[in-house]
Amino acid sequence: QVQLVESGGGLVQFGGSLRLSCAASRTLFRMGWYRQAPGKQRELVATITSGCGTTNYADSVKGRFTISRDNAKNTVYLQMNSLKPEDTAVYYCNAGVPGHEYWGQGTQVTVSS
């Protein structure tokens, strides 16, 4: 079993920044962030692999969000800049591969206009 502990959510104004962190209890190849807004399906935000650090972003966050990881700490970060009200959601840390995935408890991000 893998534990994922998230931190860093909160309330920010339009155009502001936040950084989310997710610490895993052990190393996993792929880590990332998903989000779910009220009444909507959970969607991918960004992922990153260990080793080469290959990243993948949703089109809606490209150029504004940056995912990174510290392999020594088994921690993934999501730097969110130029935040918009439509970024408001519960953000979930995700790790593993399909069929063997783990989820964090979620952290609320609210962007006020």
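1. In this predicted model, Ala95 has Tyr102 of strand β10 as its bridge partner. The pairing of β9 with β10 (residues 100-103) is antiparallel and comprises four bridges. Two residues lie between the strands of this hairpin, where Gly99 adopts a positive phi near 95°.

2. Strand β9 also pairs with β4 (residues 30-36); the two run antiparallel and are joined by six bridges. Within this pairing, Tyr34 is matched with Tyr92 of β9.

3. A further antiparallel pairing links β9 to β11 (residues 107-112) through three bridges. Here Val90 stands opposite Gln108 of β11.

4. As to the surroundings of β9, which spans residues 89-97, seven of its nine residues are buried, so the strand is largely enclosed by the rest of the structure. In a regular strand, side chains alternate between the two faces of the sheet. The burial count for β9 should be read together with its antiparallel pairings to β4, to β10 and to β11.

5. A separate remark concerns Ala58, which is located in the loop between β6 (55-57) and β7 (65-70). Is Ala58 buried or exposed? Its relative accessible area is 16%, and Ala58 is therefore buried, the cut-off for that class being under 20%.

6. The contacts of Ala58 include Leu44 and Val45, when residues up to four places away in sequence are not counted. As for Thr75, 17 residues from Ala58 along the chain, the C-alpha atoms of these two residues are separated by 20 Å.

Technical notes: Residues are numbered from 1 along each chain as its sequence is written. This is a predicted model: local features need pLDDT of at least 70, side-chain atom pairs count only at pLDDT 80 or more; totals for chains, interfaces and linings use all residues. Side-chain values use heavy atoms; hydrogens and water are left out. Buried means under 20% relative accessible area, exposed over 50%, partly exposed in between (1.4 Å probe, protein chains only). Two strands pair if DSSP finds at least two bridges between them. Contact means heavy atoms within 4.5 Å.
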